[in-house]
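Okay, thanks for coming, everyone. I'd like to walk you through a structure that's new to most of you, so let's put it up on the screen.

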Amino acid sequence: MRYLVTLKVNAQPDGPPPADLMEAIFKLGQEATEAGALLDNSGLAPSSEGARVEVSGGRLTVSDGPFAEAKELISYALYEVRSKEEAVEWTTRFIKLHRDLWPGWEGESDVLRLFGPEDFAPPA
């Protein structure tokens with residue numbers, strides 16, 4: 001099963017992430033890749049560099065960022081794992097690095113299963 005994990009920041013100390021956090025994230029990513037679990041990951045530019053495309057009442061609207069949400073979506077990871085529990089385990093390890101190595105940082109991750117062709121099999 002594939003899972004998309006998103007990371008949102010709620011509160012962040014001033015300045016860049018600590019070097020030891022970045023090193024630990026790199027090592028965890030390397031471990032997940034070598035285990036065959038991590039397919040892709042990347043940081044995301046601020047929403048001020050993005051756009052939102054919306055349809056409401058039959059009308060299509062395009063708006064430039066930044067967006068009003070209080071929580072900024074800052075990264076994602078794509079996992080191929082056997083279960084939701086395994087995706088949650090990798091995500092928990094990632095979030096714990098932030099808790100342990102960047103005092104004052106607060107955030108959250110969503111672990112979302114992606115549909116695959118098997119979810120849309122033709123009726124028998």
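Before we go anywhere, one term: when I say polar contact, I mean a pair of N or O atoms within 3.5 Å, where, inside a protein, one must be able to donate a hydrogen and the other to accept it. Keep that in mind for the first residue I want to show you. And please remember throughout that this is a predicted model.

So, Ser47. You'll find Ser47 in the loop between strand S2, residues 38-43, and strand S3. A polar atom of the Ser47 side chain lies 3.3 Å from the backbone nitrogen of Phe67. That distance is within 3.5 Å, the cut-off for a polar contact. Is Ser47 buried or exposed? Ser47 counts as buried, because its relative accessibility is 14% and the limit for buried is under 20%. Its contacts, leaving aside neighbours within four places in sequence, are Gly65, Pro66, Phe67 and Glu72.

Okay, let's zoom out. The protein has 124 residues, and 24% of them count as buried. There are 2 helices and 6 strands, and from the N terminus on they run β-α-β-β-β-β-α-β. If you take the C-alpha trace along its principal axes, you get a span of about 50 × 40 × 15 Å. The accessible surface comes to about 8,400 Å², with 55% of that belonging to carbon and sulfur atoms. One more number for the whole chain: take the contacts with a separation of 6 or more, and 80% of them are between residues 24 or more positions apart.

Now the inside. In soluble globular proteins, nonpolar side chains tend to be buried together. Here, the largest nonpolar core has 20 residues, and those with the most contacts inside it are Tyr79, Val81, Trp90 and Leu97. Which elements give two or more residues to this core? They are strand S1 (2-11), helix H1 (19-34), strand S5 (72-80) and helix H2 (84-101). The largest share comes from H1, with 5 residues. Have a look at Val81 in particular: not counting residues up to four places away in sequence, Val81 touches Met1, Tyr3, Ala37, Glu86, Ala87 and Trp90.

Glu86 is a nice link to the next topic, salt bridges. How many salt bridges does the structure hold? It holds 6, and I'll show you three of them.

In one, the side chains of Glu86 and Arg82 meet, at 3.6 Å from N to O. The two partners sit in rather contrasting surroundings: Glu86 counts as buried at 19% relative accessibility, while Arg82 counts as exposed at 71%.

Another pairs Asp100 with Arg99, where the closest N and O atoms are 2.7 Å apart. Asp100 is partly exposed, with a relative accessible area of 48%, and Arg99 is exposed at 54%. Those two numbers fall on either side of the line because exposed means over 50%.

And then there's Arg113 with Asp119, at 3.2 Å, N to O. Arg113 is partly exposed at 37%, and Asp119 is partly exposed at 30%.

Asp119 also shows up among the contacts of Leu114, so let's stop there. Leu114 lies in the segment after strand S6 (106-113). It is partly exposed, with a relative accessible area of 26%. Not counting residues up to four places away in sequence, Leu114 touches Arg2, Tyr3, Leu4, Leu78 and Asp119. You may remember Tyr3 as a residue that Val81 touches. Also, the C-alpha atoms of Leu114 and Glu80 are separated by 9.9 Å, and those residues are 34 residues apart along the chain.

Last stop, the surface. Which residues form a nonpolar patch out there? Val53, Val55, Leu60 and Val62 do, with about 430 Å² of accessible area together. Strand S3 (51-56) and strand S4 (59-64) each supply at least two residues of the patch. Take Val55 as an example: its place is in strand S3, and it counts as exposed because its relative accessible area is 60%, where the cut-off is over 50%.

So, to pull it together: we have a nonpolar core of 20 residues, a set of 6 salt bridges, and a nonpolar patch on the surface. That's my tour, thanks for listening.

Technical notes. Residues numbered from 1 in each chain as written. Predicted model: local features only at pLDDT ≥ 70, side-chain atom pairs only at ≥ 80, totals over all residues. Heavy atoms only, no water. Patch = residues over 30% accessible without salt bridge, like charges linked within 9 Å, V, L, I, M, F, W, Y side chains within 5 Å. Areas by Shrake-Rupley, 256 points an atom, 1.4 Å probe, with all protein chains shown as cover. Salt bridge = Lys/Arg side-chain N within 4 Å of Asp/Glu carboxyl O. Helix = DSSP H or I, 4+ residues; strand = E, 2+ residues; numbered from the N terminus. Buried < 20%, exposed > 50% of the residue type's maximum accessible area, 1.4 Å probe, protein only. Contact = heavy atoms within 4.5 Å. Core = buried A, V, L, I, M, F, W, Y, C linked by side-chain atoms within 4.5 Å.
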